[in-house]
Each structure stands twice: as structure tokens, then as C-alpha cells.
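Me: Could you take a close look at one part of this protein with me? I'd like to follow a single strand and what sits around it.

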Amino acid sequence: MDVMERYEQWWKEERLSEGLREELTALSGDEKEIAERFYQWLEFGTAGMRGLLGAGTNRMNVHTIRRVAEGLARMVKEHGKEAMQRGVAIAYDTRYQSQEFAIETARVLGAHGIRSFVFSEARPTPELSFAIRELNTFSGVVITASHNPKEYNGFKVYGEDGGQLAPEKVSAIVHHMEEIEDLFSIQAVEEDELKADGLLTMLAEEMDEAYQTQLKTLKLGEFPRDEVSIVYTPIHGTGNIPVQQALRNFGYTHVEIVKEQEQPDPAFSTVEYPNPEEEDALRLAIRLGAKVDADLLLATDPDADRLGVAIAMPTSGYDLLTGNQLGALLLNYVLEQRKLAGTLPKNGVMLKSIVTSEMGRAIASEYGVETVDTLTGFKYISEKIEEYNNSGDYEFLFGYEESYGYLIADFVRDKDAVQAALIAAEATAYYKSKGSSLHAELLKLYKKVGYYRESMKSITIPGKEGAETIAQILAELRANPPAELAGIRVAHIEDYQTGIIRSNEGSEQPTGLPTSNVLKFRLEDGSWCCVRPSGTEPKCKFYIGVKAESGMAAVNKCEALESDIMGIVKKLY
């Protein structure tokens, strides 16, 4: 069936919702847009799917939600009555149709006799991970598009450990989705009927309280907290209630909320892009911070799994930390406090992704803590936590990715901006009590372990052609890798698709990590460049990391590497 036939089938379908029919009618004659919406089914990746809202097989709508929910339901049923009874925990963020999609998921699961536990209000992704473990559900779902623009939504699936779903279960869901012949015949039970039959339970304050109780265990020392001034913005998302509550529980009394961004708003009307990595998303927080002379600015993304932090500078203004800088500060604070308390284990481990700064490894080494790299994606950090908890080989102390995702305690098995916000506040209070600041401590770290600098560039190529072009870029770099970058010889090529690390002398060894379409070039001076397609957006990303003897030398080296690799790539498309 070609795209026009599929479009006609949807348009004529009597069971299609009227809103979607009107949308399809408006597309009549626009062959390019029709092709974009119907050339494929919205892809289910390593942990779920994400895409633009709208009508079509390649869009997020009630029918594509039912399709993935049906695949999930069939996978759960394969694991028997116990799995069905344990059920699925479901959360959702503040985006357009998030609550509707959450209930639709429960309705489809209920048609198969599978229990659902749905949050009665929007809640953070990390609280969903916590709820899975607290309730011992077989799986979990969160309806979110994380920090993507307002036009997007997504469906993210979790396993029984609270981490993103394991590959074999992902494959089972995809297989069952592909078996569905008639999308519009998928059964969904009414919400009231599910509640009456005990197949739908709404989660409320009790889960919030249990989560907050666990957050209290993050307190690592006793020092004045009421002298710290904090500004916080949830950027219209789910972090508002849990972050404020957690800060109050820890004794922070000077917390100002950015009122314009406090309430849920699916349009994210005060920002172009609700991403705490972007300075524009903190524009209002910076303005308020200057007004109240805040020490610390905190910002969480819509589903509160990523944290952005801006710190007060010595003279005036605020500096938005990179994800790597914030990770270095949080890691150092946690290890420092554990050492002072005498609770730093001999077999401690820090987990980070292969595109995250090597500065974290250097800091961990100062405390005798091992560093283990994982592929990009917090699911891999979660898998390692579970592995080490079972084997006892290592005790987890900290995990992070450069993309503003951090985890301090493993009662959650995904990145947790609420945890990270608390530790950022704790570090600020502790260092202020010692006459220091996060800015001063970052400079101390650079002097101790070296001046590290990282950057990330990306190219965006939407649509079917974009996916093919990105695949071709990786294929070309794999077939004809650069011998040097910015005049520095490439020492090793780590190819995670073949699973081989190859030196420039021809020797080979395994990467030891799962298969993924990723290339990493390690240079003779310790610098590196990593190339990978985005798992959630039509992008190819290029990560660069360097170390130098001074801050300016690091800047110059990073810019030279960045210029060279992007120059090579521009010739490939």
C-alpha cells in the first residue's frame, strides 16, 4: 500500500476521530505533506516512540497510541497472569493530549485484562520510574516528548526494574505492533468500566509522599541552608510540585518561583524551546535571580528528568553551566561528602556515557572511584546499576550524561532532575557555608584535574531523505575514517556497530558494549570526537572533547577539532 492509498484509507475510515478527519481533509492535494505523514509507521526505538502530533501513521495520535499500547499489551500477556496482575504504571507530562494518551493506553491494556496504575495528575518521568519499583509493576509508560518543542509528544516504555525497557522486550512489542492488520479494530474499554473491574487505579498523593521520603535520604551533611537564595522554574512542566516540596523538606526557605513559568502550559508560551540546556529557557529565571540576588538558578524540562543550572558569578550576572560542568560539580560534591562521612565504599563506581566529558573520570579517580562508560541513553546506566546490585562487584555512587541528565540514588532508574536539583542546592549551601561558591569550586577542579572542554554540533535533516542521508554519513566515515583531526593523529577508532576498537597500528579489541551505530575517534593527545544519530530527533550529532593546560588552550583546541570534523561532514551531504 503506497502513501496515497494509506491516506485515502484513513480519510474514509468511519472510526477515525472527526478532528483527525478534518486535518486530513485540509491536506488534500499536498502530496509532500501526505507522504511525510504516511510513508512509514512512527518508529518505535530503543525505549519508545516520539513524534509530531497529528493525523497519519507517522504522527502521534490516538490511533498510533493504541497501536503501541496493543503491542505492549500482547508482550505483557506473553509473560503470563502474574505479569498482567502486576500491571503497568502510567504517567504523563503537561503536553497537548498527554493525559488523553495515558488513559487510552490504560483502556487498551484493560481490554486484555491487564491492570493499570495511572497518575491522576501530570508527574515527572523519574517519579514514574520510582512508582514502578514501589508498586512492583511489570512495566511502565510515560507520555512525554521530554524537552522537544510543543508540537511533539511521545510514548516511553519502562521495565520492571524502573529502567527503560530491555531490548528483547522492545523487540517483542515491535513484533506485535507489526502483526496488527486492522489498526481501527483495536479494542479499548471505557475508563469507568475499568475502575469498576479493578483494572484501573488512579495514583495520587501517596506516591508523591513515598517519593519525597526517598528524596530525604539524599541529605549528605548538616550546614546552614536558609542562607542560600534559589530561583526555580519548571518551564511549565511537571517539576513544579516535587521540586518545591523537596526543597522545603530540606530546609530551603529562600526559594523564588518564576511565576510566568510555574503553571502547566502545553504551548510553553514563554519559550521557543522548553530545554534547560538553552539560555533562552532561563531568561526569566536570570531576570528574577538578578532581582533577588540569587545564588543558584534551577530549571527542569517538561518531564523533569533534565536539570539546567546557572550559577552566580563573582561580580555580577549568571553563568549557565554545561551538562558536563554541572556533572563534575555534583559528582565531586557527592564523593567529597561521602569521604568526609566515612561512607565512601572501596568498590564505588561512577557511570557515564561515551559522549560525556572525561573530567568526571579524572574526578572519580581522585577519590579512588572506578568509572565505567556506557552507550548514550540512560537505560544503559540503569542496566549497569542493576547488574552491579546483583553481582556486588561495584556500589553505584553517581551516574550522568552530558545532556543534563543525572542520578544520585538508585531508587529511581532514570535521570532525575528532582534529585539533581536537591544536590545542586546542597552543594551551593555547603560551599557557601565554607566561604566558597560553585564557581570557585569549578575553578579548583580545573586546576586539580585539568582544563576540560566539550562541544556538540548537529545537523538536522527531517523526513525519509534525512534518515537516509544520516545513515550515509555514518557509512562514509566508517569506510573512510580521518587519519587525523586538527593536525592530531587518530590513535583509535571505536566502532560500536562492529563492536571493535581498532588502533592506527592495526590491532583490535572489543568495545565491550552493545551494538549501536556510533563511531568514536580517539586522538593521540587524549582528545576525542564521537558521531551518532539522535535516537529521538532527525539529527546527526557530533561530540568533541579535549583537555589542555589552560582554559583558553582548551577552547582553541576544541574549536579546531569542531571545525575540522564539521568540514569533513559537509563534504558528505
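Reply: Let's go straight to strand 1, residues 48–52: four of its five residues are buried, so this strand is largely enclosed by the rest of the structure. Keep in mind that we're looking at a predicted model.

Who is its partner? Strand 1 is joined to strand 5 (residues 152–158) by five bridges, and the two run antiparallel. You can find one spot where they face each other: Leu-52 is opposite Tyr-152 of strand 5. As a general rule, side chains in a regular strand alternate between the two faces of the sheet.

Now move on along the chain. Between strand 1 and helix 4 (62–78) there's a loop, and Arg-59 sits in it. Is Arg-59 buried or exposed? Its relative accessibility is 8%, and because the cut-off for buried is under 20%, Arg-59 counts as buried. Setting aside neighbours within four places in sequence, Arg-59 is in contact with Glu-33, Glu-36, Arg-37, Leu-42, Leu-52, Leu-53, Gly-54 and Thr-64. So you meet Leu-52 again, the residue opposite Tyr-152, as one of the contacts of Arg-59, which is itself buried at 8%.

What about the nonpolar cores? The largest one has 83 residues, and Leu-218, Leu-296, Leu-298, Val-309 and Phe-398 have the most contacts inside it. Helix 16 (residues 417–433) gives this core its largest share, 12 residues. There's also a second, separate core of 38 residues, with Leu-42, Leu-53, Ile-90 and Phe-155 among them. Leu-42 and Leu-53 are names you've just seen, since both are in contact with Arg-59.

Terms used
Residues are numbered from 1 along each chain as its sequence is written. This is a predicted model: local features need pLDDT of at least 70, side-chain atom pairs count only at pLDDT 80 or more; totals for chains, interfaces and linings use all residues. Side-chain values use heavy atoms; hydrogens and water are left out. Buried means under 20% relative accessible area, exposed over 50%, partly exposed in between (1.4 Å probe, protein chains only). Two strands pair if DSSP finds at least two bridges between them. A nonpolar core is a set of buried Ala, Val, Leu, Ile, Met, Phe, Trp, Tyr and Cys residues joined through side-chain atoms within 4.5 Å. Contact means heavy atoms within 4.5 Å.
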